[in-house]
Amino acid sequence: MCDKENINEFTRTRKKIGVKFPSKWWKIYQTGAMKWLELSPKKFSSERNNYIYNPNSFMMLNCDCALILFDEIPKQIQKLKRWIKEQEQDEESEFNKQITLIPFGQSAAGDLYCFLYENEENFEPKVILYMHDEYGNPDIIGENFDEFLYIQMLSAVAYEEDVQGQHWQNHLNWLLESYRKMIENKSVDELTNMYNAMAYKQAAIWIPSTSYDNMELGSSILSNSNRDYILKIRFYKTEDFRTTIFQNNKYQIIGDYENEEQLICVAENQQIYLAVKYDNLICYIAPNLKAFQQEILLFETLTKECELIDKISYTDENTEDILQEISDVLKRDILKIDSNAFDNIENFWSEICIEIEDGIIFN
């Protein structure tokens with residue numbers, strides 16, 4: 001049990017940053033396992049090995065998250081605020097002021113693990129990973145601190161932590177029983193596979209300048225024609241976005257095209273792709289979501305207003321030329337937005353134009 005002086009130090013830290021830690025954090029703190037977090041950076045640097053090799057030290061695991069010393073948390077809060085301000089300026093989006101983020105750990109890449117508080121009464125926050133060099137909603141690395149700890153233990157296995165060591169065994173005792181049963185008696189390969197198979201949802205911390213929530217494009221009504229075509233693109237609600245690994249790359253799934261086997265995804269560089277699950281194929285769509293939205297509107301305008309469509313007659317020998325001309329109009333307009341849209345025949349808009357030329361869309 002921690003002595004009174006240590007508990008007072010913990011209380012001072014909580015008051016300094018303005019929030020309460022999760023109940024599991026407090027429970028572990030009371031065992032004395034977080035004593036090293038109370039040290040100054042200079043003191044910790046000189047005594048580091050005493051804590052690294054102490055099996056009772058909390059989170060001295062060989063995992064992705066390194067905890068931040070209590071004295072360093074206010075400085076990390078200011079760093080996070082700068083990152084948020086930069087994204088607001090660069091992306092013309094707004095941080096959700098109903099959310100509070102408190103950094104408590106860092107990844108090997110310098111990204112920040114944060115407690116996410118959705119309101120003042122919420123003392124069991126989610127845990128997210130805020131990445132400093134990527135824009136967009138962050139991954140939720142635990143719906144609560146218990147799940148976060150479980151995920152970090154799997155991460156430690158992937159980073160070659162000794163699962164027979166005392167440090168690992170001590171951490172097993174801090175897990176909820178349900179998580180402990182999922183880990184105990186598993187081989188290293190099994191635990192590593194569990195970690196690699198994990199998919200993370202996103203925390204909706206940003207309010208975009210344009211809302212895509214639950215957006216569903218309707219039919220394209222063709223003037224003076226009985227033909228119509230629906231571009232079956234469905235964007236999900238923000239809370240339904242999720243992360244997946246496809247062909248060894250990380251993507252955020254934001255919608256689907258025609259069916260749930262063809263997923264609209266955002267890559268880490270913000271480019272938009274179509275992941276075709278049944279063909280294990282990834283197809284380029286657009287450089288970013290804003291450009292894709294503009295391209296969709298171009299297509300909608302074409303199907304509503306292009307006079308060439310009224311001239312289509314599949315008994316007329318000129319139909320092939322007309323379809324080619326319609327395709328060329330769409331290509332010309334989309335290339336004004338994205339010069340790379342037709343670099344590959346498997347690109348999304350390349351496929352759409354092929355369908356126009358083959359008479360599939362306007363049949």
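What is the volume of the second largest pocket? The second largest pocket has a volume of about 490 Å³, where a pocket is an open set of points on a 1 Å grid over the protein atoms alone at which a 1.4 Å probe fits, with protein on both sides within 12 Å along at least five of seven lines, and a volume is the space filled by probe spheres set on the points. The model is predicted, with local features needing pLDDT of at least 70 and side-chain atom pairs counting only at pLDDT 80 or more, while totals for chains, interfaces and linings use all residues. Residues are numbered from 1 along each chain, and side-chain values use heavy atoms, without hydrogens and water.

**Pocket lining**
- The lining of this pocket, meaning residues with an atom within 4 Å of a point, has 23 residues, of which Leu-129, Asp-139, Tyr-195, Tyr-200 and Lys-250 lie nearest its centre.
- By class, the lining divides into 12 nonpolar, six polar and five charged residues.

**Nonpolar cores**
- The largest nonpolar core (buried Ala, Val, Leu, Ile, Met, Phe, Trp, Tyr and Cys residues joined through side-chain atoms within 4.5 Å; buried is under 20% relative accessible area with a 1.4 Å probe, protein chains only) has 64 residues, and Trp-25 and Phe-58 are among those with the most contacts inside it.
- Helix α5 (residues 145-158) gives the largest share of this core, nine residues, helices being DSSP runs of H or I with at least four residues.
- Apart from this core lies another, of 41 residues, including Ile-233 and Cys-283.

**Helix α11**
- Among the buried residues of helix α11 (residues 348-357) are Phe-348, Trp-349 and Ile-352.
- Gly-359, which follows α11, has a positive phi, near 80°.

Note on methods
Buried < 20%, exposed > 50% of the residue type's maximum accessible area, 1.4 Å probe, protein only. Helix = DSSP H or I, 4+ residues; strand = E, 2+ residues; numbered from the N terminus. Nonpolar A, V, L, I, M, F, W, Y, C, P; charged D, E, K, R; others polar.
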